[in-house]
Amino acid sequence: MTLDELVESRYDELNENDLYIWQYIFHHKTECQKMSIQQLAHACNVSHTSIIRFTKKIGLDGYSELKVYLKWSLNKQFDFDSYSMRHSSDELKRTLDVMENRDLDHIFHNIDTAGRIFLFGTGEVQNHAALEFKREFAYRHKIMHVIEGNTELDTVLNNILPDDFFILISLSGDNERVVTLAKYLHKMNIQTLGIARHKRNLLSQYVDDYIGFETSDFHTGFQDKSYCCTGHFFLIVNMLFLRYLEYCSLKESNGSFS
């Protein structure tokens with residue numbers, strides 16, 4: 001099994017510290033392969049015993065074996081598998097099916113009743129999805145504010161109101177910044193919607209509504225560079241807007257839309 005597969009197979013046994021450690025390793029495999037356990041612990045802001053516990057939880061004997069897996073991962077020849085095209089297409093179809101059939105009324109109720117709506121993305125693609133959210137819902141006169149950067153986020157949180165609504169967009173759903181934000185909003189009893197990859201992650205545990213999608217990593221054929229289809233974000237935004245138009249139309253026909 002690859003390191004990624006080991007983590008996925010033991011995902012339910014990992015705590016928040018473990019997931020933060022894994023996120024760092026996943027995004028810095030080359031650097032981690034050269035690090036001592038103390039250096040990795042410092043980079044992850046955890047103790048070296050936390051690193052050891054993480055390796056044990058994913059079925060390894062210790063840090064030395066983790067480095068062996070990292071070296072194997074970096075030295076392996078990765079080829080593009082043409083099956084990835086069909087697999088990615090099937091995943092997009094499943095996301096479309098979910099968005100067509102899922103009950104979204106609670107999300108739309110929050111959009112309708114919110115005094116202010118804020119969008120927060122954890123990366124470049126996620127920010128583009130947030131901007132698309134803002135653009136599409138403006139056609140229905142729903143003004144959404146995209147939070148850009150930590151300074152703006154701090155300003156918003158210092159002036160939070162009870163009827164605010166936050167939409168949090170993440171790829172992994174285990175990003176430390178978005179999970180910390182979701183926890184804070186949960187404690188403040190602020191309504192939230194999370195959108196991220198996978199049905200199980202930390203973000204899903206702290207939001208009021210959650211939309212998860214499945215998208216698999218595959219190798220591009222250029223070194224140890226993996227890729228996943230991020231079109232799910234935009235498909236979800238598109239379908240949320242279309243379903244919201246349907247929701248509004250039904251309310252108007254029933255005479256209950258103000």
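How are α4 and α5 oriented relative to each other? They sit roughly perpendicular, as the angle between them puts them in that class. That pair gets its own close-up below, along with several others, and everything shown here comes from a predicted model.

**View 1. Helices α4 and α5 cross at about 100°.** Here are two helices whose axes lie 8 Å apart. Two packed helices are described by the angle between their axes and the distance between the axes. An angle from 65 to 115 degrees counts as roughly perpendicular, and α4 and α5 are therefore put in that group. On the α4 side, look for I37, L40 and A41, which meet H48, I51 and I52 of α5. Sorted by class, the contact has 5 nonpolar residues and 1 polar one, with no charged residues.

**View 2. The loop between α4 and α5 holds N45 and S47.** This close-up takes in the stretch that links α4 (37–44) to α5 (48–57). Start with N45, where phi is near 60°, a positive value in a residue other than glycine. Most residues other than glycine have a negative phi. N45 is also exposed, at a relative accessible area of 72%. Then move to S47, which is partly exposed with a relative accessible area of 35%. For a sense of distance, pick out Q23: its C-alpha is 16 Å from that of S47, and the two residues are 24 apart along the chain.

**View 3. Helices α10 and α11 run roughly parallel.** α10 covers residues 150–158 and α11 covers residues 176–187. Their axes are 13 Å apart and make an angle of about 5°. Angles under 35 degrees count as roughly parallel, and that is why α10 and α11 get the label. In the contact itself, α10 brings N150, L153 and L157, while α11 brings R177, L181, Y184 and L185. By class, that makes 5 nonpolar residues, 1 polar and 1 charged.

**View 4. N189 has a positive phi in the loop after α11.** This loop lies between α11 and β4 (191–197). Phi of N189 is about 60°, although the residue is not a glycine. Is N189 buried or exposed? With 62% relative accessibility, N189 counts as exposed.

**View 5. N201 is buried in a loop.** Follow the chain from β4 towards α12 (202–206), and N201 is in the loop between them. Its relative accessible area is 2%, so N201 is classed as buried. Which residues does N201 touch, leaving aside neighbours within four places in sequence? The contacts are Y11, S172, G173, D174, A196 and Y210. For S172, the C-alpha to C-alpha distance to N201 is 7.4 Å, with their positions 29 residues apart in sequence.

**View 6. The second largest pocket has a volume of about 200 Å³.** Of the 13 residues that line this pocket, V98, K199, G212, F213 and E214 are the closest to its centre. Which helix gives the most to the lining? That would be α7, with 5 residues. α7 (83–101) and β5 (209–213) each supply at least two residues of the lining. Sort the lining by class and you get 6 nonpolar, 2 polar and 5 charged residues.

**View 7. H232 is a buried residue of helix α13.** The helix spans residues 231–253. H232 has 0% relative accessibility, so it counts as buried. Leaving out residues up to four places away in sequence, H232 touches E91, L92, T95, F213, E214 and T215. Two of these names may be familiar from the pocket view: F213 and E214 are among the residues closest to the centre of the second largest pocket.

**View 8. N15 sits in the loop between α1 and α2.** The flanking helices are α1 (3–9) and α2 (16–27). N15 is partly exposed, at 37% relative accessibility. T122 is included as a distance marker: its C-alpha is 21 Å from that of N15, and the two residues are 107 apart along the chain.

Key:
Residues numbered from 1 in each chain as written. Predicted model: local features only at pLDDT ≥ 70, side-chain atom pairs only at ≥ 80, totals over all residues. Heavy atoms only, no water. 1 Å grid on protein atoms, 1.4 Å probe; cavity = no way out; pocket = protein on both sides within 12 Å on 5 of 7 lines; lining within 4 Å. Points joined across faces, edges and corners; volume = space filled by probe spheres on them. Helix = DSSP H or I, 4+ residues; strand = E, 2+ residues; numbered from the N terminus. Nonpolar A, V, L, I, M, F, W, Y, C, P; charged D, E, K, R; others polar. Axes fitted to C-alpha atoms, helices over the stretch in contact; angles between N-to-C directions. Parallel < 35°, antiparallel > 145°, perpendicular 65-115°, else oblique. Contact = heavy atoms within 4.5 Å. Buried < 20%, exposed > 50% of the residue type's maximum accessible area, 1.4 Å probe, protein only.
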